[in-house]
Amino acid sequence: RVNFQHARSHQFGDTALGPTEELTLVEDDFGLRYSLPLFDTEENLRLAKAIKAGLYGSSVSIRVVAEHFAVRPGPSAHNPKGLPERTVLEARLPDFGPVASPLYRTTTAEIRSAD
């Protein structure tokens with residue numbers, strides 16, 4: 001489900017921003033991208049304007065289903081100190097979407113088009 005502020009917004013509550021059946025998810029080497037047509041509501045219109053102005057990033061809630069821990073993986077190119085590593089093998093994404101204060105500041109929320 002795509003929600004604003006992980007469904008913790010007073011303005012939006014737990015209302016989805018768009019139809020889940022039209023959601024597109026793409027995973028690549030950089031991360032996860034999603035695309036969703038927004039429902040035609042006044043709240044979404046205001047949200048779209050704020051996203052277009054660059055006011056929001058994105059966030060994903062992750063529920064880990066399967067993982068692997070390497071307590072002493074040894075040094076490598078991506079882990080030169082050989083610190084413990086956690087690899088998420090399978091996860092569920094119960095919700096994601098635009099947020100005002102994303103954990104990772106490099107995330108983005110963008111509007112591709114607004115009619």
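**Figure 1. Nonpolar core of the predicted model.** Nine residues make up the largest nonpolar core of this predicted structure: Val2, Phe4, Phe12, Leu17, Leu36, Leu47, Ile51, Phe96 and Ala109. In soluble globular proteins, nonpolar side chains tend to be buried together. Among the core members, phenylalanine 4 counts as buried because its relative accessibility is 6%, under the 20% limit. Phenylalanine 12, with a relative accessible area of 8%, is buried as well. Leucine 36, another member of this core, is in contact with Val2, Leu17, Gly18, Pro19, Glu22 and Leu23, when its neighbours within four places in sequence are left aside. Of these contacts, Val2 and Leu17 also belong to the core.

**Figure 2. Aromatic pairs and the ring cluster.** Three aromatic pairs are found when the whole structure is searched. In the pair formed by phenylalanine 4 and phenylalanine 12, the ring centres are 5.1 Å apart and the planes meet at 55 degrees, so the arrangement is tilted. A pair of aromatic rings is described by the distance of the centres and the angle of the planes. Phe4, Phe12 and Tyr56 are linked by ring pairs into a cluster. Phe4 and Phe12 are also listed in the largest nonpolar core.

**Figure 3. Positive phi angles before strand 1.** Glutamine 5 and histidine 6 are shown in the segment before strand 1. Glutamine 5 is not a glycine, yet has a positive phi of about 55 degrees. Histidine 6, likewise a residue other than glycine, has a positive phi near 55 degrees. With a relative accessible area of 25%, glutamine 5 is partly exposed, whereas histidine 6 counts as buried at 16% relative accessibility.

**Figure 4. Lining of the largest pocket.** The space in the largest pocket comes to about 2000 Å³. Rolling a probe the size of a water molecule over the atoms shows where empty space is left. The lining of this pocket comprises 48 residues, and Leu32, Arg33, Tyr34, Ser58 and Thr108 are those that lie nearest the centre. By class, 27 lining residues are nonpolar, eleven are polar and ten are charged. At least two lining residues come from each of strand 1 (24-27), strand 2 (32-35), helix 1 (42-52), strand 3 (57-70) and strand 4 (85-99). Helix 1 makes the greatest contribution to the lining, with seven residues.

**Figure 5. Arginine 63 in strand 3.** Arginine 63 is part of strand 3. The relative accessible area of arginine 63 is 53%, and the residue is therefore exposed, the limit being over 50%. Apart from residues up to four places away in sequence, arginine 63 touches Ala91, Arg92 and Pro94. Between the C-alpha atoms of arginine 63 and glutamate 22 the separation is 22 Å, for residues 41 places apart along the chain. Glu22 is one of the contacts of leucine 36.

**Figure 6. Lysine 81 in the loop between strand 3 and strand 4.** The loop between strand 3 and strand 4 contains lysine 81. Lysine 81 counts as exposed, at 71% relative accessibility. From C-alpha to C-alpha, lysine 81 lies 36 Å from glutamine 5, and the two are 76 residues apart in sequence. Glutamine 5, in contrast to the exposed lysine 81, is partly exposed.

Definitions and conventions. Residues numbered from 1 in each chain as written. Predicted model: local features only at pLDDT ≥ 70, side-chain atom pairs only at ≥ 80, totals over all residues. Heavy atoms only, no water. 1 Å grid on protein atoms, 1.4 Å probe; cavity = no way out; pocket = protein on both sides within 12 Å on 5 of 7 lines; lining within 4 Å. Points joined across faces, edges and corners; volume = space filled by probe spheres on them. Helix = DSSP H or I, 4+ residues; strand = E, 2+ residues; numbered from the N terminus. Nonpolar A, V, L, I, M, F, W, Y, C, P; charged D, E, K, R; others polar. Buried < 20%, exposed > 50% of the residue type's maximum accessible area, 1.4 Å probe, protein only. Phe/Tyr/Trp six-rings, centres within 6.5 Å; stacked < 30°, edge-to-face > 60°. Core = buried A, V, L, I, M, F, W, Y, C linked by side-chain atoms within 4.5 Å. Contact = heavy atoms within 4.5 Å.
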